[in-house]
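Welcome! Please take a moment with the sequence and the 3D view, and then let us walk through a few places together.

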Amino acid sequence: MLAIVRIIIVILFTILVCVLGCFYCLLTPRNPSHVMRFGRLFGKLSYVFGITIISRVPAKAKAKAKAKAKAKAKAKAKDYGPSIYIGNHQNNYDMVTMSNAVQPNTVTIGKKSLVLIPFFGPLYWLAGNILIDRANRTKAHNTISQVVQQIKKRKISVWMFPEGTRSRGRGLLPFKTGAFYAAIAAGVPIVPVCLSETEGRIKLNRWNNGVVIVEMLPPIDTTKYNRENVRELAEYCHNLFKAKIAELNQEVTEIEQKMK
């Protein structure tokens, strides 16, 4: 019964946000500021699923939002600036859990087929996210070039999942190099965002689905890397993720044991 109620709430909430969101985005279509706004709204579904989110985002990463709020006072806060955020991609719940870490002026990269999803697809495109054709390697390569151009021209950040697909309980998959090529070419840092494991831990018929930790790590300077050693950067980040996720999983276990 609880699962049915949750599903109904999620469907109604999603339709409402997407429909109203599309009208809202039409006022300033493809504006990158929309992505964080609607990402945080979908993050509110964590309460519906009975998930306790612990979000750890450095104050410096939030400086951009603070500076914007104080723009009239001409405040100038130093933030990470244009960056490429990378996260581990586990399942569909990432939209509820990891979206809480999306920062201002950040867009995501998704499959072109996402636009065909009723209600959500049009909002995803209107919000300013970037769509790529994974079935066409040439177009995908050109998209990376376009990402670099957009970062430089519009001073935006981009969120990417270097695994390229959902891991669905298979552990952290090998990283593809697209995100790292883009970071090196654009001359921007890589910012890792690690999420504790959620696969198999969230049950729709269970009231309390425990704790999930989202942690943003310090930015990684990419200026010492080039196209020849991009794999080295990818491997370094992969090892960093693997160690941090194991650490977060252990912390989640300890927190939940104390809660019992």
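Which residues does Phe180 touch, not counting residues up to four places away in sequence? Keep in mind as you look that this is a predicted model.

## Phe180 and the nonpolar core

Leaving out residues up to four places away in sequence, Phe180 touches Ile86, Pro162, Phe175, Ile190, Val230, Leu233, Ala234 and Cys237. It is worth placing this side chain in its wider setting: the largest nonpolar core has 69 residues, and Phe180 is among those with the most contacts inside it, along with Ile84, Ile86, Leu123, Ile190, Met216 and Cys237. Helix α9, residues 230-259, gives the most to this core, with 8 residues.

## Two buried loop residues

Thr177 is a handy next stop. Thr177 sits in the loop that runs between β5 (157-160) and α8 (178-186). Is Thr177 buried or exposed? Its relative accessible area is 17%, and because buried means under 20%, Thr177 counts as buried. Apart from neighbours within four places in sequence, Thr177 is in contact with Val230 and Arg231. Val230 also appears in the list of residues that Phe180 touches.

Val57 belongs to another loop, the one between β1 (52-56) and α4 (63-69). With a relative accessibility of 13%, Val57 is buried too. Setting aside residues up to four places away in sequence, Val57 touches Lys62, Ala101, Gln103 and Met216. Met216 is one of the residues with the most contacts inside the largest nonpolar core. For a sense of distance, the C-alpha atoms of Val57 and Pro32 are separated by 20 Å, and the two residues are 25 apart along the chain.

## Cysteines without partners

How many disulfides does the count come to? The answer is 0 disulfides. For Cys18, the nearest cysteine sulfur is that of Cys22, 6.5 Å away. Because a disulfide needs the two sulfur atoms within 2.5 Å, Cys18 is in no disulfide. Cys18 is buried, at 0% relative accessibility.

Cys194 is in no disulfide either, and its nearest cysteine sulfur belongs to Cys237, at 9.6 Å. Cys194 is buried as well, with a relative accessible area of 0%. You have already met Cys237 as a residue touched by Phe180.

## The second largest pocket

Now for some open space. The second largest pocket holds about 260 Å³. Its lining is made up of 19 residues, and nearest its centre lie Arg30, Ile130, Leu131, Thr143 and Gln146.

Which helix supplies the largest share of this lining? That is α7, with 8 residues. Both β4 (130-132) and α7 (137-154) supply at least two residues each. By class, the lining has 7 nonpolar, 7 polar and 5 charged residues.

## Positive phi outside glycine

Two backbone positions deserve a friendly second look. Lys155 has a phi near 55°, a positive value in a residue other than glycine. Lys155 lies in the loop between α7 and β5, and is exposed, with a relative accessible area of 52%.

Arg168 also has a positive phi, about 50°, although it is not a glycine. Arg168 is placed in the loop between β5 and α8, the loop that holds Thr177. With a relative accessible area of 45%, Arg168 is partly exposed, whereas Thr177 is buried.

How values were computed
Residues are numbered from 1 along each chain as its sequence is written. This is a predicted model: local features need pLDDT of at least 70, side-chain atom pairs count only at pLDDT 80 or more; totals for chains, interfaces and linings use all residues. Side-chain values use heavy atoms; hydrogens and water are left out. On a 1 Å grid over the protein atoms alone, a cavity is a set of points where a 1.4 Å probe fits but cannot get out, and a pocket is an open set with protein on both sides within 12 Å along at least five of seven lines; lining residues have an atom within 4 Å of a point. Grid points are joined across faces, edges and corners, and a volume is the space filled by probe spheres set on the points. Helices (H or I, at least four residues) and strands (E, at least two) are DSSP runs, numbered from the N terminus. Ala, Val, Leu, Ile, Met, Phe, Trp, Tyr, Cys and Pro count as nonpolar, Asp, Glu, Lys and Arg as charged, and the others, Gly among them, as polar. Buried means under 20% relative accessible area, exposed over 50%, partly exposed in between (1.4 Å probe, protein chains only). Contact means heavy atoms within 4.5 Å. A nonpolar core is a set of buried Ala, Val, Leu, Ile, Met, Phe, Trp, Tyr and Cys residues joined through side-chain atoms within 4.5 Å.
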